[in-house]
Amino acid sequence: MSAARLVHVSPGAAHLPPEVLRLLDTWLPQQRWYPVPAEGVTHEPWLTVTFPGVADVVVALLRLAGPGLAAGSDSLVIQVPLVLTPTAEPEADTAETEAAGLIGTVTTASGTATVHDGGAHPTAWHAYLTTALPEACEPADCAEMAGARRISGEQSNTSVMLPALSAHGGRGGMLKILRTVALGPHPDVVIPEALTWAGWDGVPRYLGAVPLPVPDDLDAEPLAHLAVLSELVTDATDGFELACAYASRDEDFGERAAELGAVVAQLHAVLLEALGPGPGLEPASFMGVLRRRAAEAFADVPDLAPHRAGVAALFDAVSERLSAAVERTGGLVPLQSIHGDLHLGQALYSPDGWKVLDFEGEPQRPVSERVAPDLPLRDVAGLLRSLDYAAAVGQATDPHWVGHAQISFLEGYRQASGATASGSELSVADAELLLRALVLDKALYEVVYEFRHRPAWMHIPLTAVERVLAS
């Protein structure tokens, strides 16, 4: 691992002609990674970033403002890397220029320039790579960039596969450009770095990052992170796609699920060792969050109304159990660092086994919330719900497929953790009841999401709500 070079930071729209900013106004809302509805949103230049020795690449950090933003996201910042090159004539709209992220051409006081999306342009990829990993390659001779390509389909960030990267004896690299810039050290940098330093091989090996230094205070903690570089997991299959394929054939997924359970237990154990325990659980505050989320779900989705009493009864039972457990253990129900947004799509299966990735959490939430210590059971609940989705999307006809996969996952987790699957002093009965509540919390969130975005899928989490309350 290597310390990153420092980028140059300037206030406002330095190095960016106003014509370029106007071009972005129409281009940005069309991008899949754009984090908010476009109507009424404005983009205000906050900082401009340049790379030492690289004249063509300029990174615009833009603050978003307007009615399209969710409450509390008034400081939402997006990262827009641009490659600006002077040209005598506007480029033709060819497949080649589109592949390189052509945004358009502008005429400025300095002449005509082409503007490319740096997330799709090798010049910008190279600037990020050599900043995160200075010994990777020099501009004049960069064999490490051979075969580099952007990963299609990703929505919240831009990832670039670097199959030729061989630094530190690796087998390739994955460069993730963080499109939403959250203030503070980024969890997808801090956690993989800590796990890599701890020697755990259940995460793609951390190789470097591009920090955003505080202007005029280069010794301070980074203001944010712009990109992270990790080792490429070769011959890997997305965990959700793998589970769906098994489900489509009604093929037993129990062995793979048990292996994943063991890896998640190891993840929690290494995180606890590397980052230390958090504070003890405060039952009233913890349950208050669950009750608030449930109330918001009931307000949004009329179909949930028949389940209001059942949800309240389950949460009352959990609250009573948690309070008793805290009193019995003297407050020793600890919280700790967890993944926080764990599902099958955040895991890769390769010949080397399972790898867990994408520790950033919800990009629009403040970093302080995303890195807050929590119960390991929240990750467990997330994967149980993901297995349920895999059964539905994969159209498993065996009614026992998902139940067997979930039980196998839990058993793999319990055996590897040597505990009650809670990572705390909770009894087995308390942990099982708490897990039901967290699965219910996740399913209620999913009901709201499907109601808003995919109504045809709403039956998947709604059935899970009914199942949890009936169990």
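In this predicted model, F253 is buried, with a relative accessible area of 2%. Beyond its neighbours within four places in sequence, F253 is in contact with L242, A243, Y246, W354, L387, W401 and A405. One of these contacts, with Y246, is also a ring pair: the two ring centres lie 5.0 Å apart and the planes stand at 75°, so the geometry is edge-to-face. Y246 likewise counts as buried, at 12% relative accessibility. Ring pairs extend this arrangement to W401, giving a cluster made up of Y246, F253 and W401.

F253 and W401 recur in the description of the largest nonpolar core, which has 75 residues. The members that touch the most other members are L195, F253, F286, W401, F409 and L434. Helix α12 gives the most to this core, contributing 12 residues. Apart from this core lies another, of 34 residues, including L162, V181, V210 and L212. In soluble globular proteins, nonpolar side chains tend to be buried together.

W401 and F409 both belong to the buried set of helix α11, which comprises W401, V402, A405, Q406, S408, F409, L410, G412 and Y413. The helix spans residues 401–417, 17 residues in total. From its first C-alpha to its last, α11 reaches 24 Å, close to the 24 Å expected at 1.5 Å a residue. The buried residues of α11 are covered by elements that include α5 (239–248), α6 (254–275), α10 (377–393) and α12 (428–453). Immediately after the helix, G418 takes a positive phi of about 65°.

Aromatic pairing was also examined over the model as a whole, and the count comes to 6 aromatic pairs. Among them is the pair W27 and W33, with ring centres 6.2 Å apart. The planes of W27 and W33 are at 65°, over the 60 degrees required, so this pair is edge-to-face. Both partners are buried: W27 has a relative accessible area of 11%, and W33 has one of 8%.

Two arginine side chains were found over aromatic rings. R63 lies over the face of W46, at 4.7 Å from the ring centre. R308 is placed over the face of F298, where the distance to the ring centre is 4.6 Å.

Methods:
Residues are numbered from 1 along each chain as its sequence is written. This is a predicted model: local features need pLDDT of at least 70, side-chain atom pairs count only at pLDDT 80 or more; totals for chains, interfaces and linings use all residues. Side-chain values use heavy atoms; hydrogens and water are left out. Rings of Phe, Tyr and Trp (its six-membered ring) pair if their centres lie within 6.5 Å; planes under 30 degrees apart count as stacked, over 60 as edge-to-face and the rest as tilted. Buried means under 20% relative accessible area, exposed over 50%, partly exposed in between (1.4 Å probe, protein chains only). A charge sits over a ring if NZ of Lys or CZ of Arg is within 6 Å of the ring centre and within 35 degrees of the ring normal. Helices (H or I, at least four residues) and strands (E, at least two) are DSSP runs, numbered from the N terminus. The expected span of a helix is 1.5 Å times one less than its number of residues. Contact means heavy atoms within 4.5 Å. A nonpolar core is a set of buried Ala, Val, Leu, Ile, Met, Phe, Trp, Tyr and Cys residues joined through side-chain atoms within 4.5 Å.
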